Amino acid sequence: MAADAPERDWSAAEAEIMEATYRALLEHGYAGLSISRIAAELGKSKAAIYYHYDAKDELLATFLEFAVDRFEATVATETGDEPTADLEHVIEKLLPLQPDEEQRQLQAVLVELRSQAVTNEVFREQFTRIDDRLAAAIRDIVGRGIDEGTFRDVDPSRVAEHVLATVNGAMYARATTDRESAAAATRVSLASYIDSELRRHP
């Protein structure tokens with residue numbers, strides 16, 4: 001998926017700070033996050049972080065970019081030349097039927113950070129970019145399927161936005177409620193939508 005190529009190269013120091021930020025978010029949440037706690041996870045002084053980032057929110061905006069780059073790199077290495085399988089794979093990555101603990105934690109962190117975008121313009125810009133990149137990845141798969149004759153001639157942008165909105169809604173429900181069956185039901189509904197909207201039937 002060409003649209004999935006990471007947008008920047010991450011230095012070893014940046015990657016270490018991002019991993020430490022992730023661990024600190026899991027431990028303390030957004031409200032309890034501080035440069036001191038990230039530095040403690042990093043095992044270095046706060047100065048080592050301030051050398052790269054001026055403030056916590058700048059660091060977190062970069063963390064969001066880092067998380068999406070990592071996600072897209074993983075997806076890009078695991079997709080192939082079959083649009084149907086590739087679309088199912090991306091949906092499974094975004095909304096796994098049986099998420100492991102790490103996947104649950106990551107989704108919880110992203111949902112918590114996204115809630116800050118209501119009033120934080122920096123976060124709003126970053127989440128806009130995240131959704132644009134994910135929608136582009138889905139749109140490219142659908143477009144490739146249309147070109148190859150696997151999918152019917154539909155509007156790839158409309159399908160991509162529908163899939164992304166459905167996945168996002170289910171992810172929020174999973175992260176913020178105890179409705180364990182909701183995500184699975186959403187996946188079934190989404191599979192039905194894809195089958196009726198995209199697939200060519202004899």
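These legends walk through several close-up views of a predicted model.

**View A. Helix 1 and what follows.** Let's start with helix 1, which covers residues 12-28. Does its length fit expectation, or how far apart should its ends be? At 1.5 Å a residue, its 17 residues should span 24 Å, and the end C-alpha atoms sit 24 Å apart, which agrees. Plenty of this helix is tucked away: its buried residues are Glu-14, Ala-15, Ile-17, Met-18, Ala-20, Thr-21, Tyr-22, Ala-24 and Leu-25. An α-helix has 3.6 residues a turn, so residues three or four places apart point the same way. Just past the end of helix 1 comes Gly-29, with a positive phi of about 75°.

**View B. Arg-23 meets Glu-41.** Here the two side chains form a salt bridge, at 3.2 Å from N to O. Arg-23 belongs to helix 1 and Glu-41 to helix 2 (residues 35-42), so the pair ties together parts 18 residues apart in sequence. How accessible is Arg-23? It is partly exposed, with a relative accessible area of 36%. Glu-41 is partly exposed too, at 30%.

**View C. Arg-144 and Asp-86.** Another salt bridge shows up here, and its closest N and O atoms are 2.9 Å apart. The pair links distant parts of the chain, with Arg-144 in helix 7 (residues 121-148) and Asp-86 in helix 5, 58 residues apart. Is Asp-86 buried or exposed? Asp-86 counts as buried, at 4% relative accessibility. Its partner Arg-144 is partly exposed, with a relative accessible area of 22%.

**View D. Arg-158 and Glu-197.** In this view a salt bridge joins Arg-158 to Glu-197, and the closest N and O atoms are 2.6 Å apart. Arg-158 comes from helix 8 (residues 156-176) and Glu-197 from helix 9 (residues 180-197), so to speak two distant parts of the chain, 39 residues apart, linked by the pair. Arg-158 counts as partly exposed at 41% relative accessibility, while Glu-197 is buried, with a relative accessible area of 16%.

**View E. A network of salt bridges.** Which residues are linked here? Glu-88, Asp-195 and Arg-199 are joined in a network of salt bridges. Stepping back for a moment, a search of the whole structure finds 10 salt bridges.

**View F. A patch of negative charge.** Four residues, Asp-81, Glu-82, Asp-147 and Glu-148, gather on the surface in a patch of negative charge. Where does Asp-81 lie? Look for Asp-81 in the loop between helix 4 (56-78) and helix 5 (83-94). Asp-81 is exposed, with a relative accessible area of 71%.

**View G. Leu-94 and Leu-134.** Back in helix 5, we find Leu-94. This leucine is buried, with a relative accessible area of 12%. How far is the C-alpha atom of Leu-94 from that of Leu-134? The two are separated by 9.5 Å, though they are 40 residues apart along the chain.

**View H. Leu-106 and Ala-175.** The last stop is Leu-106, found in helix 6 (residues 101-115). Leu-106 is partly exposed, with a relative accessible area of 32%. Its C-alpha atom and that of Ala-175 are separated by 9.7 Å, and the two residues are 69 apart along the chain.

Key:
Residues numbered from 1 in each chain as written. Predicted model: local features only at pLDDT ≥ 70, side-chain atom pairs only at ≥ 80, totals over all residues. Heavy atoms only, no water. Patch = residues over 30% accessible without salt bridge, like charges linked within 9 Å, V, L, I, M, F, W, Y side chains within 5 Å. Areas by Shrake-Rupley, 256 points an atom, 1.4 Å probe, with all protein chains shown as cover. Lys, Arg positive; Asp, Glu negative; His and termini not counted. Charge placed at Lys NZ, Arg CZ, Asp CG, Glu CD. Helix = DSSP H or I, 4+ residues; strand = E, 2+ residues; numbered from the N terminus. Buried < 20%, exposed > 50% of the residue type's maximum accessible area, 1.4 Å probe, protein only. Expected span 1.5 Å × (residues − 1).
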